[in-house]
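Dear colleague,

Please find below the structure that I am handing over to you. My notes on the ligand site and on the domains follow it.

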Amino acid sequence: MSRIAFIGLGHMGGPMAANLLKAGHELLVFDLVASAVEQAVGQGAKAAANATEAVAHAEIVISMLPASRHVEGLYLGEAGLLPHIPAGALVIDCSTIAPAAAQKVAKAATQRGLAMLDAPVSGGTAGAAAGTLTFIVGGDEHVLERARPILAAMGKNIFHVGASGAGQVAKLCNNMALGVIMAVTGEALALGAAHGLDAKVLSQMMAVSTGRSWATEVCNPWPGVLENAPASRGYAGGFGTDLMLKDLGLAAEAAMGVGASIPLGELARNLYALNSKAGRGGLDFSSVIKLVAPDP
Ligand code: NAD
């Protein structure tokens, strides 16, 4: 069993830490939000006074933070964590951030004698709670072999997609497809409903037809179609509109970097920006349906 420092106990990090505790690991945790730390302590973790204390004796450091600036702020700079992590430790950042930011932090970690992976996840809060996340990993293969038993306690699928930063590129590709599919699924259900169709029947038909997707079957945007979907609880919880907007912005930057064309990805980014401006930034991204069906 390993001594793990876990930093960032939000919607995703909280349940991921809980699964590491269930697997018998020793966790020293830190988050800026005291209630998140208290919850982890209730599950068997020990609380650190700050991130530096959390990593001081760690064999493994895991971070799950919102965006690039948080990850760079945590590890780099004068107040950064890297000099405080014991040499030889393994650092795994599971946040979704810019590929360039992941490479920058991994390079600085390597210079300090630390092994680092970018390991963003897919599977949402339900996958985090159930321990069925997909890990999308960038970094050295032999480093991933060290991380594998730890990741397996939090997820079901582990993909090695390339060198440092590649995990982030692959994650952005997935989320760009998801963002587009969710938006068009909302349009399809709104169109059917405008013709008097029952959105539940329409969804059930689509779920066994060629329009099927995670958006129809797991996170259906129409309230009441799926009892456990965010749409059925006022779009609370789940994967926030602002996080999807961040990922689509990162996809746009990544596309510009290599001159790739992503017309639908760019359109989706604008739709989620409008959804955020309409006051739904903190609600699940499936609330984007409200742009075309204000009262679904
Ligand atoms: P969240 O906002 O719920 O959690 C982030 C946590 O990090 C918060 O508790 C915050 O207090 C903490 N934090 C921020 N800066 C910190 C610092 N310097 N030190 C300690 N704690 C700090 O976000 P989330 O939904 O858990 O998402 C985390 C990451 O996972 C994001 O990059 C997101 O894009 C990605 N992701 C989210 C989902 C999802 O469904 N929510 C799914 C896949 C990937």
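The ligand is surrounded by 23 residues, counted as near if one of their heavy atoms lies within 4 Å of it; the closest are His11, Met12, Asp31, Pro66 and Lys246. The model is a predicted one, in which local features need pLDDT of at least 70 and side-chain atom pairs count only at pLDDT 80 or more, whereas totals for chains, interfaces and linings use all residues. Residues are numbered from 1 along each chain as its sequence is written, and side-chain values use heavy atoms, with hydrogens and water left out.

Three of these closest residues make polar contacts (pairs of N or O atoms within 3.5 Å) with oxygen atoms of the ligand. For Asp31, an N or O atom of the side chain is 2.6 Å from a ligand oxygen. A polar side-chain atom of Lys246 lies at 2.9 Å, and a polar backbone atom of Met12 is also 2.9 Å from a ligand oxygen. The protein buries 87% of the 830 Å² that the ligand exposes when taken alone (Shrake-Rupley method, 1.4 Å probe).

By class, the shell comprises 11 nonpolar, nine polar and three charged residues, with Ala, Val, Leu, Ile, Met, Phe, Trp, Tyr, Cys and Pro counted as nonpolar, Asp, Glu, Lys and Arg as charged, and the others, Gly among them, as polar. Domain 1 (3-163) and domain 2 (169-291) each give at least three residues to this shell; their bounds come from an automatic or database domain assignment.

The centres of the two domains, taken over C-alpha atoms, are 27 Å apart. Their contact (heavy atoms within 4.5 Å) takes 12 residues from domain 1 and 10 residues from domain 2.

Yours faithfully

Technical notes. A polar contact is a pair of N or O atoms within 3.5 Å; within protein, one must be able to donate a hydrogen and the other to accept it, and residues adjacent in sequence count only if both atoms are side-chain atoms.
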